[in-house]
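Please open the structure and keep it in view while you read. The text below walks through it one part at a time.

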Amino acid sequence: MKISTFGYCFMQGLKNIRRNLLFSLASIGTIVACLFLFGIFYAVVINFESMMKQMEEAVAVTVFFDPDISQEKIDEIGEAIRVREEVNTMDFVSAEEAWKKFSLDLYEDQEKIDAAFGSDNPLKDYASYNITIANVEQQPEFVRFLESLDGVRMVKSSAATAESFASINSLVGYASIAVIIILLLVSVFLISNTITIGITIRKEEISIMKLIGATDFFVRVPFIVEGVTIGLAGSVVPCVFLYFMYEMVADFLTSTFVNLGRWMNFLPRNEVFQTLIPACLLIGIGIGFIGSIVTTRKHLKV
């Protein structure tokens, strides 16, 4: 297509928007609303997933060893564990450290501890590795591996917690997909209706153009331009609004609900919007393009 021809088609697409201004604004408004809801939903989900990730990483698996095991054997077990890809962090807790922490939690007074136990260590066989894993869904397999190691007496884990996290992650994933599909279908429907009206209004003009040799592609391009322009306009507005709104809402929630700030750290704005802005723009343009293509194929048989 020549540059002059493309320029003509582009201008015709903009004229279509002006001719059907009311319906074009309705389509833009619908995309704005849909992508605004998508943006809010995305921000909530990504922050929720970040919170869940932090909570998952805090779920520890504790490995205890056979009585009277040598430190050399403990180190050997540690090396076997450390090379596993599931491992996020691993800390060794000696029997002395375990007893000191337990006794201080129990008595809160070193003198009482010394008077009751002297130099004895009731937890002398309770040296351990505290391990966190990157993906809590891998915990059952990882626990089976730990239990198979020679010298490991017991593995303490929370299977119920791991299953709960896995279920929540799956639920959030399915809900996200469902909401996104619904929003996209609504937007495509509105743009399709707008372009259908434009085709109906220009039906006689299109018939004349085709009679004098205009190709389907030449006739279709202005409507594609119209759909893409509507989609682009509808995606820019929520991106700008959400960008400035995000930090204000996060600051308001953490200052108003103090307990919320204690267990949930909102992700930085740039980290959220480096993905959200391109996603919204691509979705908006994609909605306009798909809506216009589908509609013109259906209604341009004149």
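Four strands form an open sheet in this predicted model. Their order is β2-β3-β1-β4, and the pairing is antiparallel. β2 and β4 stand at the edges. Each has a single partner strand, so one side of each is left without a neighbour in the sheet. Neighbouring strands are turned by 20° against each other on average, direction ignored. Strands of a sheet pair through backbone hydrogen bonds, either parallel or antiparallel.

Now follow the pairs across the sheet. β2 and β3 pair in the antiparallel sense over 6 bridges. One position to look at is F92, whose bridge partner in β3 is Y129. Next come β1 and β3, antiparallel again, with 5 bridges between them. Here Y129 of β3 stands opposite V63. The last pair is β1 and β4, joined in the antiparallel sense over 4 bridges. V63 stands opposite V155 in β4. Y129 therefore serves as a good place to start tracing: F92 is its bridge partner, and V63 stands opposite it.

How much of β3 is buried? The strand is mostly covered, with 5 of its 6 residues buried.

Turn next to helix α3, residues 71-82. The helix lies across β1, β2, β3 and β4, and runs at about 170° to β2. It has 12 residues. From its first C-alpha to its last it reaches 16 Å, close to the 16 Å expected at 1.5 Å a residue.

Which residues of α3 are buried? They are I74, I77, G78 and I81. Seen down the axis of α3, the buried residues fall within an arc of 105°, so they line one face of the helix. These buried residues pack against β1 (60-65), β2 (87-93), β3 (128-133) and β4 (152-156). They also pack against helix α6 (139-147).

Helix α11 offers another view of the interior. The helix spans residues 269-299 and includes G291. G291 has a relative accessible area of 1%, which is under the 20% cut-off, so G291 is buried. G291 and L185 are 106 residues apart in sequence, yet their C-alpha atoms are 9.5 Å apart in space. T296 is found in α11 as well. Its relative accessibility is 0%, so T296 counts as buried. T296 and I224 are 72 residues apart in sequence and 8.4 Å apart in space, C-alpha to C-alpha.

Step back to the whole chain. The protein chain has 11 helices and 4 strands. Of its 302 residues, 38% count as buried. Consider the contacts in the chain with a separation of 6 or more: residues 24 or more positions apart account for 84% of them.

How far can the model be read? The mean pLDDT of the protein chain is 76, and 71% of its residues reach 70 or more. Among the elements of the chain, α3 has the highest mean pLDDT, at 88. Helix α5 (residues 110-117) has the lowest, at 56. Where pLDDT is low, the predicted coordinates should not be read in detail.

Methods. Residues numbered from 1 in each chain as written. Predicted model: local features only at pLDDT ≥ 70, side-chain atom pairs only at ≥ 80, totals over all residues. Heavy atoms only, no water. Helix = DSSP H or I, 4+ residues; strand = E, 2+ residues; numbered from the N terminus. Buried < 20%, exposed > 50% of the residue type's maximum accessible area, 1.4 Å probe, protein only. Expected span 1.5 Å × (residues − 1). Arc of directions from axis to C-beta. Contact = heavy atoms within 4.5 Å. Pairing = 2+ DSSP bridges. Axes fitted to C-alpha atoms, helices over the stretch in contact; angles between N-to-C directions. pLDDT = per-residue confidence, 0-100.
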